[in-house]
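Visitor: Walk me through this model, please. I want each label justified by its cut-off.

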Amino acid sequence: MTDTHRGIQFFSTVSREPDAARAGRALAEATRSGLGEGPVELACLFFSSHYAQEADTLCAVVHERLHPTALLGCSGEGVIAGAEEIESAAAVTLWAARLPGVSLTPLRPSFTQDDETCSVSGWPTHLGTGTEPPFFLLLADPFSTPVDAVLSQLADHAPRAPALGGMAGGGKDLGENRMVLNDAVYEEGMVGVALSGPVSIRTIVSQGCRPIGECYAVTKAEQNVIHELGGKPALERLQAAFESLSSEERRIAHQALHLGIVMDEHRNRFERGDFLVRNLIGADRESGSVAIGDHVREGQTVQFHVRDAQSASEDLSLLLAADRSRHPSPPLGALVFSCCGRGRGLFGRPHHDVTVIRERAGNIPIAGFFAQGEIGPVGGSNFLHGYTASVAIFSAPAS
């Protein structure tokens with residue numbers, strides 16, 4: 001599948017060939033045929049765990065035959081390729097982009113951890129110094145990467161720069177996942193590419209939730225524990241929101257209650273995409289406090305949320321529709337990082353996220369993988385999410 005506009009060109013292909021060398025050759029040959037002669041600036045390679053032991057071979061074949069300026073990839077819980085979400089079978093997908101004039105900077109940050117802090121080094125010093133912030137694609141091993149520290153330091157090095165990506169999957173322990181950067185394969189840490197120049201890359205971060213009840217100001221809190229909302233015990237506010245639901249919605253809420261934190265307090269009203277959604281991890285009936293999976297500050301506005309298949313489907317569709325209405329340049333390609341908790345397990349049918357994207361963005365080259373955590377911006381800041389679909393939509397720059 002190929003899409004072209006103003007010299008920008010995208011192509012995606014997939015192979016189910018179990019032999020890594022043959023799969024790599026098939027992917028490279030299909031890509032060369034689809035893009036034609038000329039340079040490949042960015043290539044993304046995503047593969048199921050079946051190829052982990054032969055990732056070096058797979059990477060070497062693709063790199064040798066295409067010579068991309070940057071090759072980025074990793075193993076995943078499953079592969080997203082074209083119109084398919086391949087969740088359990090062996091599969092590998094290659095997504096390639098011709099991006100004339102775009103600068104690509106490979107990233108391999110390193111981490112130093114002590115008892116209290118984590119320092120991150122290895123960011124190229126020139127990133128973030130231009131008039132327009134770069135766009136970051138980041139892939140990481142969940143067992144060895146302090147993602148929150150990385151994103152915090154990224155905000156210092158390149159303010160306003162969006163980052164999108166995911167945590168590699170398929171492995172059950174340290175050393176079992178694979179990350180690819182150019183001609184090297186790694187078993188730990190993070191890899192990435194920074195893009196800057198004449199291409200538009202927009203982000204969709206669908207957290208799959210809908211708000212319930214009312215918005216409240218946090219009036220008393222410590223770290224991740226909320227004692228009071230709007231001057232009353234947080235648990236009392238939660239019970240009121242719960243009681244406002246139908247009996248079927250209450251059944252769902254028992255399993256998937258969350259809290260959304262408003263990221264831009266200057267808005268008159270808060271809608272989808274305005275909240276950073278975090279898990280509700282506990283409640284204390286005696287004190288009336290609730291605990292969430294992140295720190296919260298007094299004065300922030302929050303609202304309880306519920307996640308189910310219908311909410312997740314509507315959220316992704318509405319966010320894509322809103323993006324399309326705001327941007328006249330048609331989508332030309334997309335990368336998708338979808339949580340391994342979505343897919344058939346959440347929606348009860350295969351190919352959900354990629355089908356919704358194609359319905360809203362068109363029949364464009366798409367690739368990605370099912371991740372153990374998804375990176376994406378909310379309210380202008382980058383976060384690590386769960387149960388989320390993070391989508392990068394590529395198009396020609398606005399004229």
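Guide: Start with one pair of residues: Ser206 has Ala389 as its bridge partner in strand 29. The model is predicted, so local features need pLDDT of at least 70 and side-chain atom pairs count only at pLDDT 80 or more, while totals for chains, interfaces and linings use all residues. Residues are numbered from 1 along each chain as its sequence is written, and side-chain values use heavy atoms, with hydrogens and water left out.

Visitor: What makes strand 16 and strand 29 a pair?

Guide: Strands (DSSP runs of E, at least two residues) and helices (runs of H or I, at least four) are numbered from the N terminus. Two strands pair if DSSP finds at least two bridges between them. Strand 16 and strand 29 (residues 389–395) have seven bridges. They therefore count as paired. The sense is antiparallel.

Visitor: Which sheet holds them?

Guide: An open sheet of six strands, in the order 6-5-26-25-29-16, with mixed pairing.

Visitor: Why are strand 6 and strand 16 called edges?

Guide: Strand 6 (84–86) and strand 16 (200–206) each have a single partner strand, so one side of each lacks a neighbour in the sheet. Neighbouring strands here are turned by 15 degrees against each other on average, direction ignored. The strand axes are lines fitted to C-alpha atoms, and angles run from 0 to 180 degrees between N-to-C directions.

Visitor: How do you know that strand 12 and strand 27 pair?

Guide: Two bridges join strand 12 (residues 163–167) to strand 27 (residues 374–378). That meets the pairing rule, so the two strands count as a pair. They run antiparallel. One link is Gly166, whose bridge partner in strand 27 is Glu374.

Visitor: Where do these two strands sit in their sheet order?

Guide: The order is 8-15-11-12-27-28, an open sheet of six strands with mixed pairing. Strand 8 (103–107) and strand 28 (381–385) are the edge strands, pairing on one side only. The average turn between neighbouring strands of this sheet is 20 degrees, direction ignored.

Visitor: What makes Glu17 and Arg22 a salt bridge?

Guide: Side chains of opposite charge can pair when their charged atoms come close. The rule asks for a side-chain nitrogen of Lys or Arg within 4 Å of a carboxyl oxygen of Asp or Glu. Glu17 and Arg22 meet at 3.4 Å, N to O. The pair therefore qualifies. By this rule the count comes to nine salt bridges.

Visitor: Are Glu17 and Arg22 buried or exposed?

Guide: Neither label fits. Buried means under 20% relative accessible area, exposed over 50%, and partly exposed in between (1.4 Å probe, protein chains only). Glu17 has 24%, so Glu17 is partly exposed. Arg22 has 46%, so Arg22 is partly exposed too.

Visitor: Why is Arg178 called buried?

Guide: Because its relative accessible area is 7%. Its salt-bridge partner is Glu187, with the closest N and O atoms 3.7 Å apart. Glu187 has 42%, so that residue counts as partly exposed.

Visitor: What is the N to O distance for Lys232 and Glu236?

Guide: The closest N and O atoms are 4.0 Å apart, and the pair forms a salt bridge. Lys232 is partly exposed at 39%. Glu236 is partly exposed at 38%.

Visitor: What makes a space a cavity, and what makes a space a pocket?

Guide: On a 1 Å grid over the protein atoms alone, a cavity is a set of points where a 1.4 Å probe fits but cannot get out; a pocket is an open set with protein on both sides within 12 Å along at least five of seven lines; lining residues have an atom within 4 Å of a point. The whole structure has one cavity of 30 Å³ or more. Leu320, Asp323, Arg324, Pro331, Arg360, Ala361 and Ile393 line the largest cavity. Helix 6 gives the most, with three residues.

Visitor: How much space lies in the largest pocket?

Guide: About 800 Å³. Its lining has 26 residues, with Thr203, Gly273, Leu319, Arg326 and Gly379 nearest its centre. Strand 16, helix 6 and strand 27 each supply at least two lining residues.

Visitor: Which element gives the most to the lining of the second largest pocket?

Guide: Strand 28, with five residues. That pocket has a volume of about 510 Å³. Its lining has 23 residues, and Asp148, Arg278, Asp294, Phe383 and Leu384 lie nearest its centre.

Key:
Points joined across faces, edges and corners; volume = space filled by probe spheres on them.
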